[in-house]
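Colleague: I would like to learn how to read the surroundings of a ligand in a model. Could you take me through one case step by step?

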Amino acid sequence: MSQEPKRGHFAKEKGEIILREHEYDGIQEYDQKLPNWWLFTFYGAIVWFVVYWVLYYHTGMFKTDHQLVKDEIIAVHALKAAELEKTLATLNDSTLVHEWATKPEVVAAGEATYLANCSACHAADLSATMVAGTVTVPLPGLALNDKVWKFGGKPMDIFKLINDGSPPESTGHNGAKMQAWGQTLSPKQIAEVTAYLIAKLPEDFKDIAPN
Ligand code: HEC
């Protein structure tokens, strides 16, 4: 070798190979200059990072994904709150019993929602039990057909309980609380499912007078 290779000295000529001085287990390391196209993308990425960081995090010109998702969630909450307000404007004990629960299509929609979301814990027959062979097994929910309404038995109490879930002060039933169905179901669906319960349990609501 005509010239001792030095650390940090790159091969200037094509084909010229310079090795760094160290060697471990017979393995040596090249000390070549990186190709320009590679350096260009590398320095370009650094410049782009600075531009991006300033534009997105310091000028407010563009929104980050985090902000976009936050805005979207706020918009969805506002929309749901508006829908709930609209439904509540015409919803009361009397309209639930004498308007919603008397329409077969409303009750059928409520039944479909009930079977899809509620029967796993409250049972299709509202008893909150399941018969397995010869034994009757309790399900996690409360019986709805026992005339006992733990959180108030007026139609709007039931609507509110389904919408908001177990109140914070509830210790639950065998330790289990109910989720707020307003998070996943629309106010209309909750009114329909309430109407379905009213239609199935007419005795419990016979005292609600028409408006
Ligand atoms: C994962 C199980 C589960 C599901 C699913 C469920 N619930 Fe419940 N539900 C409960 C539990 C547990 C309670 C008792 C809550 C408490 O004591 O705080 C309850 C209580 C209730 C009550 C009050 C009953 C009473 O006797 O006072 C009503 C009404 C009710 N649920 C309706 C519904 C409806 C409607 C749905 C479907 C949209 C539903 N539940 C889905 C577990 C469930």
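Modeller: Gladly, and please keep in mind throughout that this is a predicted model. A good start is to ask which residues lie around the ligand: there are 26 of them, and C118, C121, H122, S170 and M178 come nearest.

Colleague: How many residues of each class does the shell around the ligand have?

Modeller: The shell has 17 nonpolar residues, together with 7 polar and 2 charged ones.

Colleague: Which side chains have an N or O atom at 2.5 Å or 2.6 Å from an oxygen atom of the ligand?

Modeller: Here one looks at pairs of atoms. The side chain of K150 places an N or O atom 2.5 Å from an oxygen atom of the ligand, while for S166 the corresponding distance to a ligand oxygen atom is 2.6 Å. As for the elements, α5 (119-122) and α6 (155-164) are those that give two or more residues to the shell, and α6 provides the largest share, with 3 residues.

Colleague: Which protein atoms are donors of the iron atom of the ligand?

Modeller: For a metal, one reads the donor atoms and then the angles among them. The protein donors are NE2 of H122 and SD of M178, which lie 2.0 Å from the iron atom. The iron site has 6 donor atoms with angles of 85 to 178° among them, and it is octahedral. Because H122 lies in helix α5 and M178 in the loop between α6 and α7 (187-200), the pair ties together parts that are 56 residues apart in sequence.

Colleague: In which pocket does the ligand sit?

Modeller: The ligand sits in the largest pocket.

Technical notes
Residues are numbered from 1 along each chain as its sequence is written. This is a predicted model: local features need pLDDT of at least 70, side-chain atom pairs count only at pLDDT 80 or more; totals for chains, interfaces and linings use all residues. Side-chain values use heavy atoms; hydrogens and water are left out. A residue is near a molecule or strand if one of its heavy atoms lies within 4 Å of it. A polar contact is a pair of N or O atoms within 3.5 Å; within protein, one must be able to donate a hydrogen and the other to accept it, and residues adjacent in sequence count only if both atoms are side-chain atoms. On a 1 Å grid over the protein atoms alone, a cavity is a set of points where a 1.4 Å probe fits but cannot get out, and a pocket is an open set with protein on both sides within 12 Å along at least five of seven lines; lining residues have an atom within 4 Å of a point. A molecule sits in a cavity or pocket if more than half of its atoms lie within 2 Å of its grid points. Helices (H or I, at least four residues) and strands (E, at least two) are DSSP runs, numbered from the N terminus. Ala, Val, Leu, Ile, Met, Phe, Trp, Tyr, Cys and Pro count as nonpolar, Asp, Glu, Lys and Arg as charged, and the others, Gly among them, as polar. Donors are N, O and S atoms within 2.8 Å of the metal (3.2 Å for Na, K and Ca); water is not among the atoms, so sites may look incomplete. Four donors count as tetrahedral if all angles lie between 85 and 135 degrees; four count as square planar and six as octahedral if opposite donors are over 155 degrees apart and all others between 65 and 115; anything else is irregular.
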